[in-house]
Amino acid sequence: MTALPQTTAKKLGLVIDLDTCVGCQACATSCKEWNTQGYSAPLADEDTRGADPHGPWLNRIHGYEVEDTNGKDSRVVHFPRSCLHCETPACVTVCPTGASYKRAEDGIVLINPDTCIGCKLCSWACPYGAREYDVQEGVMKKCTLCVDRIYNENFEPEDRQPACVKACPTGARHFGDLGDENSAVSQLVKARGGFDLLPEMGYKPTNKYLPPRAKRDTPQAGIEALPKGDGSAMDRLFKLADRLLSGN
Amino acid sequence: MSSEPVVALSPKTWDEIKTTTCYMCACRCGIKVYLKDGTVTYIDGNRDHPVNKGVICGKGAAGIKQHYSPGRLSKPLIRVGERGSGEFREIEWEEALQTATTWLGNVRKTDPKKLAFFTGRDQSQGLTGWWATQFGTPNYAAHGGFCSVNMAAAGLYTFGGSFWEFGEPDWKYTKYFLLFGVAEDHGSNPIKAGLGKLKKRGAKFVSVNPIKTGYSAIADEWVGVRPGTDGLFVGAIIHELLNAGQIDGDYLNRYTNSPWLVIDNKGAADHGLFARDENGETLVWDAHKKTAVPTSDHNAARALMGRFTLPDGRKVATSFQLIAERYLSADHAPDAVTERCGVPADTIRRIAAELAHVAFKETVTLNVPWTDFTGRRHETMIGRPVAMHAMRGISAHANGFQTCRAIHLLQIMLGTIDTPGGFRYKAPYPRPIPPHIKPTGKPDQIWPNEPLPGPPLGFVTGPEDLLLADDGSPQRIDKAYSWDAPIAAHGMMHMVITNAAKRDPYGIDVLFMYMANMSWNSAMNIPDTLKYLTAKDETTGEYVIPKIIYSDAYASEMVHYADLILPDTTYLERWDCISLLDRPISEADGPADSIRQPVVEPERDVRAFQSVLLDLGARLKLPGMTTPEGQARYPGGYPDYIVNHERAPGVGPLAGFRGVDGTQSGKGAPNPNQLQAYIDNGCHWFYELPDEHKYFKHVNKGYLEWATGFGLIGKPEPIIHQLYCEPLQKFRLAAEGHGAIQPPDGHRARIIEAFDPIPFWYPPFEGDLVDEAAFPMHAVTQRPMAMYHAWGSQNSWLRQILGRNWLYIAKERAAKLGIADGDWVTVTSHQGQIKGQAKLMNGVNPDTVWTWNAIGKRSGTWGLKKDAPEAKQGFLLNHLISELLPKRDGGYRFSNSDPVTGQAAWYDLRVRVEKSADQSNISGPQFPTLKNLGVGQ
Amino acid sequence: MNPAYSVILFTTASGAGYGLLALLGLTSTSVGQSPSLGFAIVAMVIALGLITIGLLSSTMHLGHPERAWRALSQWKTSWLSREGVAAIVSYPFALAFGVTWAGLYTAPDAVAPLGFITAALSLVTVFTTGKIYATLKTIRAWHQPLTVPVYLFFALASGSSLHLALSALFGRDPGAIAPVALIALVTLAFLKFLYWRAIDAAPREHTMANATGLGANVRQWEVPHTTKNFVQREMGFVVARRHASRLRGLFFIVLLCAGLLELAASLIPMLSLAGFVLMFIAAWVERWLFFAQGEHVVTLFYGNAQA
């Protein structure tokens, strides 16, 4: 059923804070280990001890460097990338079998591993590189937003969140309903100027990214400069020592 | 249209969850291990655990691949070919243990110090150190000598705590955080979580690091300091603050030795020591009485500054007077240091102003009354919310001890230690400065078949505590606690193989190591290290290091150079305790410890090293490990020891659930059900201090009394910060010719310079000794976020993330050197040359090149195929780093270490970088492929 | 995009097959009176054979060939599904046409209608193939108005070239196919020229700045994983500009030669065999370039500044 739902009751997704992510890969390996035994099981790796180890990962962490305009200073940005669970994803509509679909209930884009034929066309249609082919399984794999965790009654309610979000040590990943403007994630997006990746492609990603904050490496208002060396430093210290005595 | 497929939303993919403690790095987070049919299927963070509170890192979540690694060893091995040939024979444990017992027994009954027992990333030093003591050898240490002893010692000799893992920034209240040289080191998840909190609160985070990745990438300000010059940067900030009088005089006067009087008597044997009264008590100057009074006189009008004359005529100055005089000198001004440290003078001035502003104008006040050690009641806790933290970038330099002391001086001048928003102690710290444990191993302390009278490692306070042979030469094989490195509180593992092979100061018979890849990524100067490991005595034809016993869980490079291999379990297969007696996991809010429990049984013929050690101890009849009847005291192995061993009456490895009924904490009789109590509690124990004990612990009467009762400290006495470090002056006086124990002449100048009781900066030795024009660049490593040493970089998941490394170089500098992105380059030091592939970036100090550490592997090891990129494109800087400094005048080659602590100075490396004539896609040097010893799959 | 040989084989073989089939269907009653049984059988076997090889090749390329039937279900939304449906639907008509046209079953009135239907379905199938590529917004070089016409004319040009070769083998007069082949070939060359000019001129609208939201001065520092992942292997293929323009030149030269041979075949029919061989080589070169120059937007995350 590759026809997209007209609307979804919720728009579950992630908000990723690029100002806080240190690139520790916790979300990447937590994703791999949950999904290799969860909904996407297994995420089969190739040549694990050899020259070309690789396999499907549903979340990968890029490193970018942004140069300031003067070319001198720069910023390193760690950039986790996974499925954005678009509102109008082409990866779903191109699917010939209906294995790829968007859930009407919560907007999660999923692949049905029982009907996917592994034609890879969805990966061609996705601009975000979110879909990876599993050579051993012969089907496509992608972020499920941990659909088998977020509703999983075997977990305590506070653990019902995607593995990547639960793992993230810095708290750079947030999960929630981006369709509800009062939700914490929506408020965060509003407050921090959350943005879409490749908005011009028109797929309306649900996941949002929060931009790095401005650096604070210039003089700030309200902070006085310290006095210049004028040879009277010792006097000042002695006066300070005297004040201590009077306060005693 | 068909309906959506039905998705199983509540699958239970496990049939059991067990808690334990992670060991994917030194952070020691609580984890939950999910099992299905006895197989580990998923690992995540334990939400109730004090360290990680539910989160997990990139390493921890890849633990499954560590546990099921094809690189694991599976059976005891004994060497049958030459060392390095990979020719081993599988043997049974009984044969392995008998062999080890014979070898070790022969040493013990002749000369116990001919056993060198060194453990690597050991988290059971409480046991291993005690075992060495019982064996009777002083030649014991873990890997701290090349890790962080500079940090540990500087802190313990200054404020009775330390960066490293003995304290943490007050993430809740700090408003300004200065981080020096930290890249995914200790406290990995707590630091990440802390940074997240700072970001949420909008606190300012400044990272001082030549490299702008990881934590530094998200800093509000990056200070791209030149390696080894942090001390200049910090000194200039201190200069600025003193010049402006922006210091917490009250804190200095009350809680530090700033007002203590120092004798000014140049050339005399008491010069630079504290003036003391007839009772031996240190003195302060009472400005009202205009005389010296004991420091215990809390009502004295203490002069913070000044030079005075004592009634006996001796001239004195307050400690702080001396500090101020030093740091106010023009050579500490920002303009004087900017060029050498690479930080603009305006930046230094601005940061100093920001620190002063936050410390003194944005104070944090908690409405929590408390009483200080003098009995004075404080209605509130007033904090100066500036926190600092530091690690390898400070530690791994030959000036690291003094640089770290300078950072502590800065913290203390601002009045930030253990105040709200500052840097907080974690139990068992604060402890007396330095802790009251002396190293053991003097000639009259080592006897055949006898234990040492005390632990091998401790804290010296003067030349009389050094471990010297009768001729003044080093007593220890690593030369720790000798004039080469008097305060080598963690030993010097990096020197053991070199010294043993050179029989300097003497030859050994057995080298026994655990979990330390000393023939590869943990060694400096690998090519020579391999020669040392295989060197033979010309007359006997025997190996110069005759017997090497090694225990490891994995087929590491070191396995190939050992004679007897004792295969260890993985971290999910064993018992462990994370003990307050060792390197605890306490929080600033209270003491904590934890255990590991086996969550799966090994399917290989391997045994936990700690249990093997106890077994060997019993076979050797070591006193602590044998009953009076000659039976094993801990027949149940390590778990038996964890529960029943008592270091002092009522004090054991674990502090929680003590007493027969398990209701006591800290002290209490062994509880036979203690381990089950831990398991029931998620494998950890935590005691939260009451609010009035949470801050100012070093001078907090209530806390000090509680800590004494709990067994953390001996007496409820205040821990007065030692800005002026008198023990250093004692060594200096000896070098100047005073006292009975004096260094050899060749050492005197070095001791006199380095053992300054007031922190100062000196250039790292390597840069000072080699031609800077020939080696103009610095080369350092960073620990990748997702890997902890060689054992992490062989992980089948993690090696997909980083299967090789590059040499990162500043774009601008690369252009000048004619190096393009992707070019293969040679990196040359005075020691050797390597070849690696260059990657250009902006976020690196232009005088610095760097790479990720411990990724380069030797072909054929760790269960990897011989053409693995780790071996063919990966490389190590270790080949370039000498364990010895270039010759000094007189020809002696000092260890490439901090002269105070013996900390290996592997960040001092100086190199030149050139485009390689050989652009083939292969790194250098390449070593012959080793035979794969891993269990495979 | 990775120029996988299975996909090149599929599209070129099935293109030629459908082109031939379409021409057979359209000309069943106009060329000659009735085909020799041998020619009809051979032509049909070759046409359907090429189509079948192409379809099998694309099916074998699937992770789960046994589930290929499922691909017929989403014809409402998916051009790939539509292609599958069109291919399947065209089979029985093509068989019926072939049987009646060859005279194996006598139904003279049915030949022409069946031929037309077969031709239409063949062209529809090629059209859907083209549409699969043309509708992918992620690949600028494919998301072009000329993508579908090029596919159609490639089918016609290679199909007619094949027809000429078969006619020559059977000593038949190709009739109207000869001018059709030349027209198709010239049109194809022209369309391809326009197509390449279009993709060279088409602005690279997507940037790393927009992909990452990190501004104009962003560049890649570290790849997520040190060995190539699926996305990089499948979509990260890069062909050097110089190499590409050489191949374009080669394409035109080969096509020109094919055209000259087809022209000369009016005198020496057997030359059309060589013409077809060159035509097929040209198709391979063109199709390889079509994939190799299909720059995917996802490469923006892997260091490409614009796509």
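**Exercise 1. Burial and shape of chain A**

What percentage of the 248 residues of chain A count as buried? Describe also the fold content and the overall dimensions of chain A in this predicted model.

*Solution.* Start with burial: of the 248 residues of chain A, 60% count as buried, where a residue is taken as buried if 20 or more other C-beta atoms lie within 10 Å of its own. Next, turn to the secondary structure, which in chain A consists of 7 helices and 9 strands. Then consider the dimensions: the C-alpha atoms of chain A occupy a box of roughly 85 × 50 × 45 Å along the principal axes, and the radius of gyration of chain A is 24 Å, whereas a compact globule of 248 residues would have one near 18 Å. Finally, look at the contacts of chain A with a separation of 6 or more, of which 61% join residues 24 or more positions apart.

**Exercise 2. The contact between chains A and B**

Determine how many residues each of chains A and B brings to their contact, and characterise the side that belongs to chain B.

*Solution.* Begin with the totals: chain B contributes 81 residues and chain A contributes 68 residues. On the side of chain B that touches chain A, the elements that each supply at least two residues include β3 (39–45), α5 (188–201), α7 (230–244) and α9 (319–328) of chain B. The largest share of that side, 7 residues, is provided by α11(B), a helix that spans 345–361. Sorting the residues of this side of chain B by class then gives 41 nonpolar, 23 polar and 17 charged.

For chains C and B, the corresponding count is 4 residues of chain C in contact with 7 residues of chain B. The side of chain C that touches chain B has 1 nonpolar and 3 polar residues, with no charged residues.

**Exercise 3. Domains 3 and 4 of chain B**

Locate domain 3 and domain 4 of chain B, and work out which elements of domain 3 of chain B give two or more residues to the side that touches domain 4 of chain B.

*Solution.* First, fix the bounds: domain 3 of chain B covers 163–428, and domain 4 of chain B covers 765–915. Their centres, taken over C-alpha atoms, are separated by 33 Å. In the contact itself, 21 residues of domain 3 of chain B meet 25 residues of domain 4 of chain B. The elements sought are α12 (392–395) and α13 (400–413) of chain B. By class, this side of domain 3 of chain B holds 8 nonpolar, 9 polar and 4 charged residues.

**Exercise 4. An enclosed helix and the nonpolar core**

Why is helix α4 (residues 149–156) of chain B described as largely enclosed by the rest of the structure? Identify also the residues that touch the most other members of the largest nonpolar core.

*Solution.* Helix α4 of chain B is largely enclosed because 8 of its 8 residues are buried. Among them are B:V149, B:M151, B:G155 and B:L156. The buried residues of α4(B) pack against β21 (386–390), α12 and α13 of chain B.

For the core, the residues sought are B:F233 and B:I237, within a set of 488 residues. The largest share of this core, 13 residues, comes from helix α5 (residues 147–169) of chain C. Leaving aside neighbours within four places in sequence, B:F233 is in contact with B:V208, B:V225, B:V337, B:C341, B:V343 and B:I348.

**Exercise 5. Confidence**

State the confidence scores of the model and of chain C.

*Solution.* The model as a whole scores ipTM 0.97 and pTM 0.96. Chain C has an average pLDDT of 93, and 98% of the residues score at least 70.

Methods:
Residues numbered from 1 in each chain as written. Chains lettered and ligands numbered in written order. Predicted model: local features only at pLDDT ≥ 70, side-chain atom pairs only at ≥ 80, totals over all residues. Contact = placed C-beta atoms within 7 Å. Helix = DSSP H or I, 4+ residues; strand = E, 2+ residues; numbered from the N terminus. Nonpolar A, V, L, I, M, F, W, Y, C, P; charged D, E, K, R; others polar. Rg over C-alpha atoms; globule rule 2.2 N^0.38 Å. Buried ≥ 20, exposed ≤ 12 C-beta atoms within 10 Å, placed from the backbone. Domains from an automatic or database assignment. Core = buried A, V, L, I, M, F, W, Y, C linked by C-beta atoms within 7 Å. pLDDT = per-residue confidence, 0-100.
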